[in-house]
Amino acid sequence: MGEEEEDQQTNLDTEAAEITEQPADQAYSWPVIRFDVQPYRTYHFYQQFRTPSNPNNFHKGVKWSPDGSCFLTCSDDNTFRIFPLPDNESGGYANSCSADADSYTADLVVTEGESVYDYCWYPYMSALDTCTCVFASTTRDHPIHLWDATSGQLRCTYRAYDAMDEITAAFSVAFNPTGAKIYAGYNKSIRVFDVHRPGRDFGQHSTLQGNKEGQAGIISSIAFSPSHTGMLATGSYSQTTAIYREDNMELLYVLHGQEGGVTHVQFSKDGNYLYTGGRKDPYILCWDIRKTVDIVFKLYRSSETTNQRIQFDIEPLGQKLGTGGQDGLVHIYELQTGQWVSCFQAALDVFHTDTVSGFSFHPFLPMAASSSGHRRFGILDDSDRDFSLTGDENCAAVWSFSYAGWNLEDRGVQRRVDSEK
């Protein structure tokens, strides 16, 4: 009987171990992308951005939603479009691209009254909870708007007033990590709004001290550290980047070195490094915020002659950075060393090179979204050149990457190969 009891106990221990290990086996881990393999353009959109009234409707950027269910584009016609990511139960991404038509139409179109300065998703947005499906935007001569991403209705507004008691527009906007407050950048100041108290109640913080030290100019970009260190970074058109404490807005550092006005700032996944990019500046600068004396390294991108804001993004593992540029390519860099890894064509054909203004990695799938376009000026009627746009210009696209254990076939369908061995 003693041996039987020991066998039963052994079986129970084995079953308990299997139950304990099961959640770990089912836990999702973001796949390691193979950037040495060219990605496949899974979905393509350009027809719905072109209208007779605005044929040169170039893109200003693209951002995935935090839950990865859709992505948001912003274009020169002061319009936001939300495109859902189609479900595919087979686990692959089928080819939906066509040379003459968009892959599918946007689920939602939201039009602002003036030119869009900045926009951002609510950090805890989930398609399963419609209350969280919102994004904030700021436009010229308008207050900050909070839009419903399911109905397109305006949820509420956050209004800032100047010394003349007139509404002043924010140039940048961002939610803090808890999603409870909206931080907005203005000229030489930052205003903080409580998300649950729309209207004209806000806290104001000057970016210049009494002795004129600090950060001057328009605050054009805001980013929070993802490691919950309580720090935020702000970029300014005065070619500086500042780092503050979130709780009391104490100025910690002012970073100098950007050749143009800073248009984009982003922390690394561990919060130890900060990446900054500017207009008419060919380099993304990497700063170690624990030692801010020197620049760690520079990442080149083609942006020497444009005032356009060009977005970059860091993949969820935090090891690679992707950025667009004027050369129509997306360049991938290794963040451990700052070395160039690879590039792929995102907006380029035989006769034209279009600026890749936006690039965003999917939050958990081996995918990314890109947007392209730049301002084109009118041509004299007697010109013989053909300036009609092609399908690769002023477009948005979704890209599928190959990754460890999967192969990307010519049709753009990913299939598991390890299980067949």
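In which sense do strand β4 and β5 pair, and over how many bridges?

1. **The opening pair.** Strand β4, which covers residues 79-84, pairs with β5 in the antiparallel sense, and four bridges join the two. One position to look up is R81, which stands opposite V109 in β5. As background, the strands of a sheet pair through backbone hydrogen bonds, and the pairing is either parallel or antiparallel.

2. **Status of the model.** This is a predicted model. The pLDDT averages 83 over the protein, and 81% of the residues score at least 70. Two stretches should be read with this in mind. Over residues 8-25 the pLDDT is below 50, and this stretch has zero contacts in the model beyond near neighbours in sequence. Over residues 379-387 the pLDDT is also below 50, and there the model has two contacts beyond near neighbours in sequence.

3. **Overall make-up.** The protein has one helix and 32 strands. Of its 421 residues, 51% count as buried. The exposed area is about 20,200 Å², of which carbon and sulfur atoms supply 48%. Among contacts between residues at least 6 apart in sequence, 53% join residues at least 24 apart.

4. **The sheet around β4.** Strands β4 and β5 belong to an open sheet of four strands, in the order β2-β3-β4-β5, with antiparallel pairing. Its edge strands are β2 (59-64) and β5 (108-111), each of which pairs on one side only. From one strand to the next, the twist averages 15 degrees.

5. **Strand β26 and its cover.** Are the residues of β26 buried or exposed? Strand β26 spans residues 329-334, and six of its six residues are buried. The cover is found on both faces: L329, H331 and Y333 are buried on one side, and V330, I332 and E334 are buried on the other. A student tracing the chain can check these two sets of residues in turn.

6. **Partners of β26.** Which strands pair with β26? One is β25 (residues 320-323), which pairs with β26 in the antiparallel sense over four bridges. Within this pairing, Y333 of β26 is the bridge partner of L321. Another is β27 (residues 340-345), which pairs with β26 in the antiparallel sense over five bridges. Here V330 has F344 of β27 as its bridge partner.

7. **The two hairpins.** β25 and β26 form a hairpin with five residues between the strands, and in this hairpin G328 takes a positive phi near 75 degrees. The hairpin of β26 and β27 also has five residues between its strands, and G338 in its turn has a positive phi of about 80 degrees.

8. **Cysteines.** How many disulfides does the model contain? The count comes to zero. C70 is in no disulfide, and the nearest cysteine sulfur, that of C133, is 7.4 Å away. A disulfide needs the two sulfur atoms within 2.5 Å, so the sulfur of C133 does not qualify as a partner for C70. C70 counts as buried because its relative accessibility is 8%, and the cut-off for buried is under 20%. C286 is buried as well, with a relative accessible area of 1%.

Technical notes: Residues are numbered from 1 along each chain as its sequence is written. This is a predicted model: local features need pLDDT of at least 70, side-chain atom pairs count only at pLDDT 80 or more; totals for chains, interfaces and linings use all residues. Side-chain values use heavy atoms; hydrogens and water are left out. Two strands pair if DSSP finds at least two bridges between them. Axes are lines fitted to C-alpha atoms, for helices over the stretch in contact, and angles run from 0 to 180 degrees between N-to-C directions. Buried means under 20% relative accessible area, exposed over 50%, partly exposed in between (1.4 Å probe, protein chains only). Contact means heavy atoms within 4.5 Å. Accessible areas come from the Shrake-Rupley method with a 1.4 Å probe; for residues, only the protein chains shown count as cover. pLDDT is the predictor's confidence in each residue, from 0 to 100.
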